[in-house]
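Colleague: I have some "how do you know" questions about this one. Could you put it on the screen and take me through the reasoning?

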Amino acid sequence: MTTYVIRRVLALIPVLIVVSLITFALMHLAPGGPFDQVDETRRRDPAIQQRAEAAFGLNKPWYEQYFTYMSNAVRLNLGPSYSYKDRNVTDLLKEHIRYSAELGVMAVIFAVLFGLPLGVIAALRQNTWVDYLALFLATMGVAIPSFVLSLYLILLFSSTLHWVDVAPDQQAFDTTLKPWILPVLALGLPTSAALARFARSAMLDVIRQDYIRTARAKGLRNQVIVARHMVKNAMIPVWTIIGPLTAGLVTGSFIVEDIFSIPGIGRYFVSAIGARDYSMIMGTTLVYCLLVIIFNLLTDVTYGLFDPRVKVSK
Amino acid sequence: MAAITSEIIFDTAKPARSLWGDALKRLGRNRMAVASVVVITIFAVLAIAAPLIARHDPDFQSRARANRGNGGTDLPPLWDSEGKPDYWLGTDNLGRDIASRMLYGARVSLVVGFIPTFIIVFIGIVVGLNAGYRGGWVDSLLMRITDVTYAFPDLLLILIMVSALHDKPIADIFGGLLLIFVALAIVNWVGVARLVRGQVLSLREKEFIEAARSIGTPNWRIMFTHLLPNSLGPVIVSATFSVPGFILTEAFLSFIGVGVKPPTPTWGDMISSGYNSINTSPHEVWVPAACIGLLYLSFTFLGDGLRDALDPRMKL
């Protein structure tokens, strides 16, 4: 088990290197550098531009820049931000990742608390109106993307009913829970729908198993059968989609953070792309990829713990 | 003797039922899937016939019909008492006719949904067949690429690619559409290739492949006439699911301003410009958002229906 984890962790290093190379190469293909003159009104002195580029090492060949960057990055120094004066990327990410993490965690909690019971209940009441309602909700949830859902939540609850502000000031996200409600719904509903669909089909598989009949035959109470025999076993396949779902949450979070003006790193990433803030883009990309890798790894490793039938040794 | 034989044949002769014909029949019984096909067809007809239906040039800006900044208002839609009969959905902040822009925007969305799908299916089939049947370096390379794409969130890579090349000449071809096609295809072909590879790995051990090989069928023939048709079902299903994903990605890219270049009308760009006036004229957001949602929904339901029709065992 330990060797498996170590092997998997070591295998991540080349992946991260390739990811960083791709990002780096693409950013350097971009014609506009961070210190180019943007338009006629914002003309810059070429001497100043050269000095700025020299200060950030942008005049060196690309491979030298890449190695400098990566050797700093492993020491958790992701370099200065080009567009936020006097700030470095590590600090910016540290400061704003909190909001993204809060959004992600709340969305996952919501998805699990809403989606799993919905799927389980639907399976227990298969082919009744409960099941059909749950299936309908789940199908709609899967078929309506976060982007469209966010817009409709805003149209309904902000523009029409005036329950929540569209763009609250940034402090509101620190102090109150209210501005979080719509983004968490927008991000969590599609996820919970996917979970519900998956949980339902996993439960239906389990319900027909012989050991359930055995449990009934020996006279166990229904709650015990459902909780210990059905749900526990049905959760094994459900766990496998947690990894891919987190990846979905990561990409979903750019959209949702951007629309709801949440000061998380997703929104900073989107604005960094417009500003050609190389170091910010690199830093955010590496953090996101690392997160996805870690979640995939956790899913794979813990899967073996949940289901002893799965051998992960080789 | 001859009479008996012909009688038996006559008795058991039923209309021929091929695998695909069977699947089509099952699809026809799925009401949601049929409704989805109808919706998609309507969108396609509207998009193709856009020049005939649209009452105005979608890019024509009129200061007279857009004075939001100067105290006036955009033209409201028809259901508002001040709406003008010729401007069904009113005008946007630049005085452009929203209905015409919606019609032309449908073209972009459908094209962005379909063309990259054809590209990834083509590349995915060629690479997947080779990786699965021949193995070797193609297979190893595919697996390494998979490792990377597994860690790199799709939208992240597309965003970086599109924004990096946004000011290059490639971004001006077809108003920026080509760049989006390429970015979507580069990121998504791996999924199809892996799907085909998996199918081929299980199929190539089957007897009919062994039989084909034993009579000396060349490899390319085995791949394209024996393996390909038998692994096509899941590919079609996954392609159907990728169409709405692409439509949505384009809408989001245009929403944040790195998608199709203005003035080409796209629904994502319309949402982004309408978003600023969401409180005064919400229809500038909800109309395009509803169309994106409806197309996404239809393709998802069609994909569900196709999955059930092509492989009843795969039912989720």
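**Reasoning from the model**

Modeller: Happy to. Let's start with Trp62(A), which sits in helix H3 of chain A. Please keep in mind that this is a predicted model.

Colleague: What makes Trp62(A) part of a nonpolar patch on the surface?

Modeller: A patch member needs over 30% relative accessible area and no salt bridge, and nonpolar side chains are joined within 5 Å. Trp62(A) is grouped with Ile6(A), Leu10(A), Ile13(A), Ile17(A), Leu21(A), Tyr63(A) and Phe67(A), and together they have about 830 Å² of accessible area. So each of these residues passes the 30% cut-off.

Colleague: Which elements of chain A supply at least two residues each of that patch?

Modeller: Those are H1 and helix H3 (62-73). H1(A) gives the most, with five residues.

Colleague: And how do you know what the overall fold of chain A is made of?

Modeller: Chain A has 13 helices and zero strands. Its C-alpha atoms fill a box of roughly 85 × 55 × 30 Å along the principal axes.

Colleague: Now the partner chain. How do you know how much area is buried between chain A and chain B?

Modeller: The size of an interface is often given as the accessible area lost when the parts come together. For chain A and chain B that comes to about 3800 Å², and carbon and sulfur atoms give 79% of this value. In terms of residues, 44 of chain A are in contact with 41 of chain B.

Colleague: Why is the pair Arg197(A) and Asp304(B) called a salt bridge?

Modeller: The rule asks for a side-chain nitrogen of Lys or Arg within 4 Å of a carboxyl oxygen of Asp or Glu. In this pair the closest N and O atoms are 3.6 Å apart, so the rule is met. One salt bridge is found across the interface of chain A and chain B, and the count of residue pairs in polar contact there is three.

Colleague: Which element gives the largest share of the side of chain A that touches chain B?

Modeller: H1(A), with eight residues. By class, that side of chain A has 34 nonpolar, seven polar and three charged residues.

Colleague: Back within chain A, what makes Glu102(A) and Arg98(A) a salt bridge?

Modeller: Their closest N and O atoms are 3.6 Å apart, so the pair falls within the 4 Å cut-off. The two residues are about one helical turn from each other, because they are four residues apart in helix H4 of chain A. Over all chains, the structure holds nine salt bridges.

Colleague: One last topic, the backbone. What makes Asn127(A) worth pointing out?

Modeller: Most residues other than glycine have a negative phi. Asn127(A) is not a glycine, yet its phi is positive, near 60 degrees. Asn127(A) lies in the loop between helix H4 (89-124) and H5 of chain A.

Colleague: And where is Ser261(A) found?

Modeller: In the loop between H11 and H12 of chain A. Ser261(A) also has a positive phi, about 50 degrees, although it is not a glycine.

Definitions and conventions: Residues numbered from 1 in each chain as written. Chains lettered and ligands numbered in written order. Predicted model: local features only at pLDDT ≥ 70, side-chain atom pairs only at ≥ 80, totals over all residues. Heavy atoms only, no water. Contact = heavy atoms within 4.5 Å. Buried area = accessible area lost by both parts, 1.4 Å probe. Polar contact = N/O pair within 3.5 Å; in protein donor to acceptor, adjacent residues only side chain to side chain. Nonpolar A, V, L, I, M, F, W, Y, C, P; charged D, E, K, R; others polar. Patch = residues over 30% accessible without salt bridge, like charges linked within 9 Å, V, L, I, M, F, W, Y side chains within 5 Å. Areas by Shrake-Rupley, 256 points an atom, 1.4 Å probe, with all protein chains shown as cover.
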